[in-house]
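Let's take a walk through a protein together, one piece at a time. Keep the sequence and the 3D view side by side as you read.

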Amino acid sequence: GDAHPPVDGTPDLELNCPAASKAARVVLVTGGARGIGEAVARKFAANGDTVIVADRDGEEAASVAKSLGPAHVALTVDVSSDADVVALFEAIRQRFGGLDVLVNNAAISDTFRPALEQTTADLERVLDINLTGAFLCAREAVRSMRAGGMIVNTGSINTFLPFVPRHAYGASKAGIDILTRCMAAELGPSGIRIATVAPGYIRTPGVAALEQSGRVDTASIRRRIPMGDLGRPDDIADAVLFLASEEASYINGSILYVDGGWTSFG
Ligand code: NDP
C-alpha cells in the first residue's frame with residue numbers, strides 16, 4: 001500500500017479492517033536465478049508477495065520460481081537488451097496489470113585486467129549489463145508503477161571503494177549510485193521511491209567462482225572487514241525487503257551499505 005497517499009478522502013481500509021491480510025505486491029527480481037537475487041526472490045515470496053524471477057538463464061529462473069510456489073513466475077531477459085526489457089515489462093503488464101517493486105540485481109563482474117589491457121568491448125559489456133541494464137529496467141518499471149512503487153538498485157562497496165583492477169565494475173556501480181539519486185529527485189513527486197543497496201563481500205556462487213579462479217583472496221578480504229567474515233545472501237535480501245517496505249517509506253535516493261563495516265574503515 002501507499003504509506004503517503006494523496007489526501008483525497010478515500011477511507012483507509014487497512015485501518016478499518018486490521019485483520020485483513022495485505023495485498024500481495026508484484027515484485028520483479030532481475031538476476032533472480034541464483035546468489036543474492038535468488039535469496040531476494042525467496043524473501044519476498046515468504047513475505048506473501050508475488051515474485052517474477054527474471055534472468056538470462058531461463059531454465060534456472062524457472063526452477064527457482066517453481067520452488068517458490070504456484071503464484072510465482074519466471075521470465076527470460078537479457079537486461080542489456082532494450083527490446084528484451086520492453087518485452088519483459090509488456091508481459092508483466094499483461095499478466096499482472098503492473099509492478100509494485102523492482103529489484104535491479106542482475107550484474108556481471110569484469111575481466112580483472114589492468115587498465116592498459118582492457119578492451120573497449122570488455123568495458124562496454126560490463127557497463128551495458130550493470131548500468132544500462134539497470135537503467136532500462138528502472139525506466140520501464142516506472143511506466144508500469146503507481147504511487148507507492150519502489151525500485152531497489154544494487155550497488156556495491158565498489159561504488160565507494162576502488163578495487164584494482166576492477167575499473168569497469170567499479171565505474172558501473174558508482175554509476176548506479178548517481179543514477180539512483182538522479183531518479184529519486186525526478187520521481188519524488190510521483191510517490192515512487194528508489195534506493196541502492198550496496199553489498200559488501202557476500203558468499204554467492206559468483207564469489208565462489210572468483211575465489212576458485214584465484215582472482216580474489218578471501219582471507220585478505222576477511223581481514224579488512226571489521227566483523228571478520230563475509231556476508232550471506234540473506235543479509236542483503238533482508239535489507240532489500242526493508243527498503244521496499246512501508247517502514248522505509250521516507251527513504252529515497254539513499255545508499256544502504258550492508259558490508260559488516262567495511263566501507264566505514266576502508
Ligand atoms: P551472481 O553472479 O551469483 O548472479 C547474478 C545473476 O544475474 C546470474 O543468474 C546471472 O546469470 C544474472 N545475469 C547476469 N547478466 C544478466 C543479464 N544481462 N540479464 C539478466 N540476468 C543476468 O551474482 P551475485 O549474487 O554475487 O550478485 C548479485 C548482485 O549483487 C550484483 O548486482 C552484484 O554486482 C552485486 N554485488 C555482489 C557482491 C557479492 O559479494 N556477491 C558484492 C557487491 C555487489 P548468468 O548465470 O547467465 O550469468
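The paragraphs below go from the strands to the core, then to a helix and the ligand, and end in the loops.

Before we set off, keep in mind that this is a predicted model.

Let's begin with strand β2, which covers residues 50–55. Is β2 largely enclosed or not? Six of its six residues are buried, so the rest of the structure largely encloses the strand. Look at how its side chains are arranged. In a regular strand the side chains alternate between the two faces of the sheet. You can follow this in β2: Thr50, Ile52 and Ala54 point one way, while Val51, Val53 and Asp55 point the other way. Both sets are buried.

Now look for the partner of β2. Strand β1, residues 26–30, pairs with β2 in the parallel sense, over five bridges. One of the matched pairs is Val29 with Val53, its bridge partner in β2. On we go to β4, which runs parallel to β1 and is joined to it by three bridges. Here Val27 stands opposite Val101 in β4. From β4, four bridges lead to β5, and these two strands run parallel as well. Two places to check are Val103, which stands opposite Val152 in β5, and Leu102, which stands opposite Ile151 in β5.

The alternation you saw in β2 can be traced in these strands too. In β4, Val101 and Val103 point one way and Leu102 and Asn104 the other, and all are buried. In β5, Met150, Val152 and Thr154 point one way, with Ile151 and Asn153 pointing the other way. Five of the five residues of β5 are buried, so this strand is largely enclosed by the rest of the structure.

Next comes the core. The largest nonpolar core has 69 residues, and Val53 and Val240 have the most contacts inside it. Helix α5 gives the most to this core, with eight residues. Why does Val53 count as buried? A residue is buried if 20 or more other C-beta atoms lie within 10 Å of its own, and Val53 has 31. Leaving aside neighbours within four places in sequence, the contacts of Val53 include Val29, Gly32, Ala41, Val64 and His72. Ala65 is also in contact with Val53. These two are twelve residues apart in sequence, and their C-alpha atoms are 6.1 Å apart in space. As for Val240, with the same neighbours in sequence set aside, it is in contact with Val40, Val103, Val152 and Val197. You have already met Val103 and Val152 as a pair facing each other across β4 and β5.

Val40 brings us to helix α2, where it is one of the buried residues. Eleven of the twelve residues of α2 are buried, so the helix is largely enclosed by the rest of the structure. You can also try a small check on its length. At 1.5 Å a residue, twelve residues should span 16 Å, and the end C-alpha atoms of α2 are 17 Å apart, which agrees. After the helix comes Gly48, with a positive phi near 95°.

Helix α2 also helps to surround the ligand. Which helices each supply at least two residues of the shell around it? They are α2 (35–46), α5 (120–143) and α7 (205–212). There are 29 residues around the ligand, and those that come nearest are Gly31, Gly35, Ala107, Thr204 and Gly206. By class, the shell has 13 nonpolar, eleven polar and five charged residues.

Finally, let's visit the loops. Between β4 and α5 you will find Phe112. Its phi is near 60°, a positive value in a residue other than glycine. Phe112 is partly exposed, with 19 other C-beta atoms within 10 Å. The loop between β5 and α6 holds Pro165, and the peptide bond from Val164 to Pro165 is cis, with omega near 0°. Leu161 also has its place in the loop between β5 and α6. With 14 C-beta neighbours inside 10 Å, Leu161 counts as partly exposed. Setting aside neighbours within four places in sequence, Leu161 is in contact with Thr263 and Gly266. Leu161 and Gly266 are 105 residues apart in sequence, yet their C-alpha atoms are 7.3 Å apart in space.

Technical notes
Residues are numbered from 1 along each chain as its sequence is written. This is a predicted model: local features need pLDDT of at least 70, side-chain atom pairs count only at pLDDT 80 or more; totals for chains, interfaces and linings use all residues. A residue is near a molecule or strand if its C-beta atom, placed from the backbone, lies within 6 Å of it. Ala, Val, Leu, Ile, Met, Phe, Trp, Tyr, Cys and Pro count as nonpolar, Asp, Glu, Lys and Arg as charged, and the others, Gly among them, as polar. The expected span of a helix is 1.5 Å times one less than its number of residues. A nonpolar core is a set of buried Ala, Val, Leu, Ile, Met, Phe, Trp, Tyr and Cys residues joined through C-beta atoms within 7 Å. Two residues are in contact if their C-beta atoms, placed from the backbone, lie within 7 Å. Two strands pair if DSSP finds at least two bridges between them.
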